[in-house]
Each structure stands twice: as structure tokens, then as C-alpha cells.
Amino acid sequence: MDLDPHEGKLPSEPVVETLDNRIAAIGRQPFRAKFRLRGRDRGLAQLRGPTDLRRHAHELIAKRLAPAFPVKDGKQTPYRGHPVFVAQHATATCCRSCLLRNHGIEPGRKLTAEEQEYVVDVICRWIELELER
């Protein structure tokens, strides 16, 4: 398990369990349930590893999701081409309206550093679970 970059220690079990529960609940939605890491996206996730994927997720979230009014909100996340994109759709972290409906993070303001970290945690945990399949 990766170290939490903010605390320098392993995440506590309740945090991982809470993420797993949230991911499982979202994954039961018919639209979200169809997303899986396959083909090139899966290969890229395996090749890059969790550290690189976390860095990519931070960069993508900061640019495409964190602004108060993201460019092309609701259409800014491709369905494939990078494991983070697939994970965003699978975890409902793809646009601000999905963040509101599934994670309670309201639109119309910039995401805080903590909210960005939470979104990255959700994405990376989903990828980790997919690679274990």
C-alpha cells in the first residue's frame, strides 16, 4: 500500500474502507458499472505504476476539474486514453455535477486542496482495485 503523501504514514483502515464503500456504491449505478480498465488503459496503469498515476491524477484534476468553472464542464473528460479518465467516469469524479451528486462537492467555486486530494484518492483507489481484478 502506498504512503499517504500528506502524512508520511500508511492511510488508516477506516479511510480505505470508506473509500471502498463509496466506490462500491457508485459502481452499482448502471452507467458507472460498465467502466473497467481494459487494453491500453490497463497496460498504461501497470506500466506507469501508482506513483506516476497519482501525479498524473493530480495534474489532470488541477487543470480539468478544480477550477470554479472548468472549461467544457460535463464534457471535459474523455472516456478512454488514460487510466485516470476511465477512473473518473467510474467514480463520478468526471465533472462538477457528478461531484455534487455523488460526493457532495458543490460547483461554482475552486476545489480546495483537501477536495482535490480526496478526488485523487478516489481515482487512485479505483485503479488499484481494478488492477487487483
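# A walk through an all-helix chain

Read from one end of the sequence to the other, the protein chain follows the pattern α-α-α-α-α-α. Colour by secondary structure and you should find 6 helices and 0 strands. Keep in mind that you're looking at a predicted model. Of the 133 residues in the protein chain, buried ones make up 42%. Now switch on contacts for residues at least 6 apart in sequence: 65% of them join residues at least 24 apart.

**Stop one: the core**

Select the largest nonpolar core, which has 26 residues. Which residues have the most contacts inside it? They are Val119, Ile123, Trp126 and Ile127. Helix H1 (13-27), H3, H4 and helix H6 (113-132) each supply at least two residues of this core. H6 gives the most, with 7 residues. There's also a second, separate core to pick out, this one of 5 residues, with Ile26, Ala92, Cys94 and Cys95 among them.

**Stop two: Ile123**

Centre the view on Ile123, which sits in helix H6. Is Ile123 buried or exposed? Its relative accessible area is 0%, so Ile123 is buried; the cut-off for that is under 20%. Next, show what surrounds the residue. Setting aside neighbours within four places in sequence, Ile123 is in contact with Ala57, Ile61, Val84, Ala87, Gln88, Thr91 and Thr93. Pick Ala87 from that set and draw a C-alpha to C-alpha distance: Ile123 and Ala87 are 5.4 Å apart in space, with their positions 36 residues apart in sequence.

**Stop three: where H4 meets H6**

Zoom out a little and show H4 and H6 as cylinders. The two axes come within 9 Å and cross at roughly 105°. Angles of 65 to 115 degrees count as roughly perpendicular, so that is how H4 lies to H6. To see the contact itself, turn on side chains for Pro83, Val84, Val86, Ala87, Gln88 and Ala90 on the H4 side. On the H6 side, show Ile123, Trp126 and Ile127.

**Stop four: Thr93**

From Ile123, hop across to Thr93, one of the residues in contact with Ile123. Thr93 is found in the loop between H4 and helix H5 (96-103). This threonine is buried too, with a relative accessible area of 0%. What does the side chain of Thr93 join through a polar contact? Look for the side chain of Thr91, at 2.9 Å. Then widen the selection: leaving out neighbours within four places in sequence, Thr93 is in contact with Leu65, Ala87, Gln88, Leu99, His103, Val119, Val122 and Ile123. Val119 and Ile123 should ring a bell, since both were listed among the residues with the most contacts inside the largest core.

**Stop five: the rings**

Now display the aromatic side chains. The structure holds 2 aromatic pairs. Start with Phe31 and Phe35: their ring centres are 5.3 Å apart and the planes stand at 75°, so this pair is edge-to-face. Phe31 has 35% relative accessibility and counts as partly exposed. Phe35, by contrast, is buried, with a relative accessible area of 8%.

Stay on Phe35 and add Tyr79. How are the rings of Phe35 and Tyr79 arranged? Their centres lie 6.1 Å apart with planes at 5°, so the pair is stacked. This pair links distant parts of the chain, 44 residues apart. Phe35 belongs to the loop between helix H2 (30-33) and helix H3 (39-64), while Tyr79 is in the loop between H3 and helix H4 (83-90). Tyr79 counts as partly exposed, at 47% relative accessibility. Select Phe31, Phe35 and Tyr79 together and you have a cluster linked by ring pairs.

**Last stop: Lys72**

Finish at Lys72, in the loop between H3 and H4. Is Lys72 buried or exposed? With 64% relative accessibility, Lys72 counts as exposed. Draw one more C-alpha to C-alpha distance, this time to Cys95: the two are 9.2 Å apart in space and 23 residues apart in sequence. You've met Cys95 before, as part of the second, separate core.

Technical notes:
Residues numbered from 1 in each chain as written. Predicted model: local features only at pLDDT ≥ 70, side-chain atom pairs only at ≥ 80, totals over all residues. Heavy atoms only, no water. Phe/Tyr/Trp six-rings, centres within 6.5 Å; stacked < 30°, edge-to-face > 60°. Buried < 20%, exposed > 50% of the residue type's maximum accessible area, 1.4 Å probe, protein only. Helix = DSSP H or I, 4+ residues; strand = E, 2+ residues; numbered from the N terminus. Core = buried A, V, L, I, M, F, W, Y, C linked by side-chain atoms within 4.5 Å. Contact = heavy atoms within 4.5 Å. Polar contact = N/O pair within 3.5 Å; in protein donor to acceptor, adjacent residues only side chain to side chain. Axes fitted to C-alpha atoms, helices over the stretch in contact; angles between N-to-C directions. Parallel < 35°, antiparallel > 145°, perpendicular 65-115°, else oblique.
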